[in-house]
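Reader: I'd like a close look at a single part of this structure, and I'm happy with a long answer. Could you pick one strand and walk me through what surrounds it?

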Amino acid sequence: MGTRFLHTMVRVKDLDASIAFYKLLGLTERRRIENDKGRFTLVFLCPPEQADGTADVELTYNWDGDEGLPSDSRHFGHLAYSVPDIYEMCRSLMDAGVTINRPPRDGHMAFVRSPDNVSIEILQQGDALAPTEPWASMENTGHW
């Protein structure tokens with residue numbers, strides 16, 4: 001019997017804001033569980049091409065709040081997604097008000113944070129794109 005990756009769980013403070021953020025990354029809602037007894041909602045999102053559940057992010061929203069959020073979440077590490085055009089993705093995120101913490105200066109890698117302070121790595125699919133402005137000279141903002 002082999003090990004199989006199921007999903008990554010992230011606790012969120014504002015479910016709507018978090019879903020909107022992950023949709024900016026191109027993820028879609030695959031399934032939702034509302035648990036009245038436990039007073040929580042689970043929302044599973046994934047890239048459309050991986051709707052088989054092999055790359056789910058489970059957003060866990062506690063109806064009665066979660067005073068520990070948003071914390072730094074550095075202990076969590078990060079989620080990573082590859083995209084066809086890293087510059088286009090970063091521009092789209094910036095246009096939506098997302099801070100690019102580590103710009104894609106190298107045409108290969110960038111980092112942003114979700115509304116719940118989860119670090120998200122964005123990687124260029126295939127070879128790195130040629131360095132270009134404004135990304136090539138953009139400084140880091142905060143940490144990732």
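Author: Here is a walk around strand β8, followed by the core, the pocket and the salt bridges. Keep in mind that this is a predicted model.

Let's start with the strand itself. β8 covers residues 119–124, and five of its six residues are buried, so the strand is largely enclosed by the rest of the structure.

Now for its partners. Strand β5, residues 78–83, runs parallel to β8, and six bridges join the two. If you want a spot to look at there, find S82, whose bridge partner in β8 is L123. Strand β7, residues 109–113, pairs with β8 as well, this time in the antiparallel sense and over five bridges. A handy pair to pick out here is V112 with its bridge partner I120 in β8. β7 and β8 form a hairpin, with five residues between the two strands. Have a look at N117 in that turn, as its phi is positive, at about 70°.

Next, follow the side chains inward. The largest nonpolar core has 28 residues, and the ones that touch the most other members are Y22, L25, L59, I120 and I122. Quite a few elements give two or more residues to this core: β1 (7–12), α1 (15–24), β3 (40–46), β4 (56–62), β5, α2, β7 and β8. The biggest giver is α2, with five residues. As general background, nonpolar side chains tend to be buried together in soluble globular proteins.

I120 is worth zooming in on. Leaving aside residues up to four places away in sequence, I120 touches F21, Y22, L25, H78, L79, Y81, A110, F111, V112 and S114. Two of these contacts, Y22 and L25, are also on the list of core residues that touch the most other members.

From there you can move over to the largest pocket, which holds about 330 Å³ of space. Its lining is made of 16 residues, and those nearest the centre are L25, S82, V83, P84 and M89. You've met two of these already: L25 is a contact of I120, and S82 is the bridge partner of L123. β5 and α2 each supply at least two residues of this lining.

Helix α2, residues 86–95, also gives us a way into the charged pairs. R91 and D95 both sit in this helix, four residues apart, which is about one turn. Their side chains meet in a salt bridge, at 3.8 Å from N to O. R91 is partly exposed, at 34% relative accessibility, while D95 is exposed, at 59%.

The structure holds seven salt bridges, so let me add two others to that one. R102 pairs with D106, with the closest N and O atoms 3.4 Å apart. R102 counts as buried, because its relative accessibility of 11% is under the 20% cut-off. D106, on the other hand, is partly exposed at 31%. Beyond that pair, salt bridges that share partners join E29, R32 and E34 into one network. Within it, R32 and E29 bring their closest N and O atoms to 2.9 Å. Both ends are partly exposed, R32 at 39% and E29 at 32%.

Terms used: Residues numbered from 1 in each chain as written. Predicted model: local features only at pLDDT ≥ 70, side-chain atom pairs only at ≥ 80, totals over all residues. Heavy atoms only, no water. Salt bridge = Lys/Arg side-chain N within 4 Å of Asp/Glu carboxyl O. Buried < 20%, exposed > 50% of the residue type's maximum accessible area, 1.4 Å probe, protein only. Pairing = 2+ DSSP bridges. Core = buried A, V, L, I, M, F, W, Y, C linked by side-chain atoms within 4.5 Å. Contact = heavy atoms within 4.5 Å. 1 Å grid on protein atoms, 1.4 Å probe; cavity = no way out; pocket = protein on both sides within 12 Å on 5 of 7 lines; lining within 4 Å. Points joined across faces, edges and corners; volume = space filled by probe spheres on them.
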